[in-house]
Structures are given as structure tokens and as C-alpha cells.
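Me: I should like to go through the reasoning behind several labels given to this structure. Please set each value against its criterion.

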Amino acid sequence: MYTLNNLRKKLVTQKITEEEYELLKDFNEDFQKYANIYDCCFNVMKSLEELNTFNEGAKYDDKITLNILYAEYKYLIYKYILFTRQLVDNMKSFGAQIKNENIETIIKEYEKKDESQFLKVLRDFGQHFSLPITNFSKEIDIVSGEITCELIIKKNHLEKNKGKNYKNDKYISSVELEEINVLNYLPEWEKNILDLFSIVTKEFCLSIDKNTTKILREYFQPYKDGDYFFSPDSISLGEDVGGSFYSKETFYFDENAMLIMVSIINTIDNQ
């Protein structure tokens, strides 16, 4: 007996054929590699959410001193930088592991972007020194009441890490500004990394064989139960004994990662 299950809801959602089970079993190895980069993307989005929440709230709190505001910004931004660059490195590894040259090429193009190079420079710098913020300011517009913060990095401070990485040295020497406000980079960092993750996911979906894609499209569509969406999160080989299902082997599919994949497969099917 071969089944699709949702372990979170402790139920069998669908009986499948042996052929479908074997296809999904074979696909599971590459899916687990994709689930890893999904986890990395989740970390990026969680750290960005924390940063944005702090940015929109704490800077308006008069009880928070400039020193604390500065320290929190520095911590949250570097955490976001670390997770973002970790995602890039893991997507690069993912492309190599599944032998997808398109993914490797796409990431190389991403890494050529100015914003991407600057992010990598800051990640690498922070591994040897503290993030080189040389000036922090908080200004209030007396008309609108809007508060603007700036976290300034000076180019000559980045040069302290000279000699550690040739590509970083080359990028820093090409920077024309002597002072850079790191907060100005956040919108482009967010857009670029989400676009990259979406493109890599699509390339992965396009590489899946047609029979497996058909199964994913047919059986893994989300369904709503109350306020939440669900989809199968595992496949099992087992037997029905007295009305109870006993599993002999089970392979897991991260539900959230699968929902992202299926949503992309749906757009491919509709093109």
C-alpha cells in the first residue's frame, strides 16, 4: 500500500500507485537539497522582517538611546547580510549538486551586480572585523515628523581587509563614493535575492522529469482547512492492519518548500 500523507494532520491524504511512489522516492533526494535552500530563504526573510520591524518602530521610540539604536541596527543588518550571502552560497552549491548549469550561470550573473558585490564585501569584512560603521545619524523632518537614519561606511575602512580577496579588492577600488549609507542598499538587496530565489526555483522545476511533475501538479496542490493551507508532506510504504496504517518506510517533503515549488509549476503550466 502506497500513500501520500500529511503528518501534521496525522492522516493519509491519497493512495498512489507503486510507480508514482517510486518516482517520488527518487525525486526526494533532489527535493531535500531544494528544501535546504528554502530554509535559507526563510532565514533571510525572517531577518529582514526583524530589521524592518525595528526600522519602522524603534527609531520613533524616544526612550531608545542613539547608542542602543546604533548597536541594534548594526546587529540586525549584519545578521541579514550573513543569511543573504549564505542563501547565495547554498544556491550555488545546489546548482552544482543537481548538475544544473543554468542555475550556476544565473548566480554568476547575480554576483556581478554592484549591490551583490557590496553585500559580499560586507559579509567577508565582518568575518575578520566588526561591521565598519563609521557614523550613525538620526534626523527628524520637523514638517512631516518622518525620521531618517543613516549608517555610514567609509571606503577607506573597507580597505583594511585588503589582500584577503582579490575580487573584493577590485570592487572596493571601483567604488567612487567615499561614504556609503548601508540602509540605502536594503531595497535592492531584498529585490535581488528574492528574484534570484524565484528564478532558481523555476529552473529546478523545469529540470524535473515530466512524469514526476505531473504527480506534483496532481497530488500536491494546497487545500484549505480552516485558516490554513495544507498539502502532502510525506510518502509511505505500509500496510493496513485492522483499519490502522502501519508504515514500513517514509520519505518526507517539507510542506512549505513544496507549496512554493507547486506554485511555480502552476505558472509554468499556464505559460
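Me: Why is Lys25 counted as buried, partly exposed or exposed?

Reply: In this predicted model, Lys25 has a relative accessibility of 27%. Buried requires under 20% and exposed over 50%, so Lys25, at 27%, counts as partly exposed.

Me: What makes the contact between Glu249 and Lys25 a salt bridge?

Reply: The side chains of the two residues meet at 3.4 Å, N to O. The criterion is a Lys or Arg side-chain nitrogen within 4 Å of a carboxyl oxygen of Asp or Glu; the pair therefore qualifies at 3.4 Å. Glu249 lies in strand 9 (residues 244–252) and Lys25 in helix 1 (residues 18–57), 224 residues apart, so that the pair links distant parts of the chain. Glu249, at 24% relative accessibility, is partly exposed.

Me: How do you know that Lys33 and Glu29 form a salt bridge, and what is their separation along helix 1?

Reply: Their N to O distance is 3.9 Å, and the limit is 4 Å, so the pair is accepted. The two residues are 4 apart in helix 1, about one helical turn. An α-helix has 3.6 residues a turn, so residues three or four places apart point the same way. Glu29 is exposed at 55%, whereas Lys33 is partly exposed at 22%.

Me: Why is Asp124 called buried, and which residue does Asp124 bridge to?

Reply: The relative accessible area of Asp124 is 9%, and buried means under 20%; Asp124 is therefore buried. Its salt bridge is with Lys120, the closest N and O atoms being 2.7 Å apart. Asp124 and Lys120 are 4 residues apart in helix 4 (residues 114–126), about one helical turn. Both belong to a network of salt bridges that also includes Arg85, Asp89, Lys92, Glu111 and Arg123. A search of the whole structure finds 12 salt bridges.

Me: What makes the span of helix 2 close to the expected value?

Reply: Helix 2 (residues 66–97) has 32 residues and reaches 46 Å from its first C-alpha to its last, against an expected 46 Å at 1.5 Å a residue. Just after helix 2, Lys99 takes a positive phi of about 55 degrees.

Me: Why is Pro132 called buried, and which residues does Pro132 touch?

Reply: Pro132, in the loop between helix 4 and strand 3 (133–140), has a relative accessible area of 7%. Because buried means under 20%, Pro132 is buried. Leaving aside residues up to four places away in sequence, Pro132 touches Phe125, Ile152, Ile153, Lys154, His157 and Leu158.

Note on methods:
Residues numbered from 1 in each chain as written. Predicted model: local features only at pLDDT ≥ 70, side-chain atom pairs only at ≥ 80, totals over all residues. Heavy atoms only, no water. Buried < 20%, exposed > 50% of the residue type's maximum accessible area, 1.4 Å probe, protein only. Expected span 1.5 Å × (residues − 1). Contact = heavy atoms within 4.5 Å.
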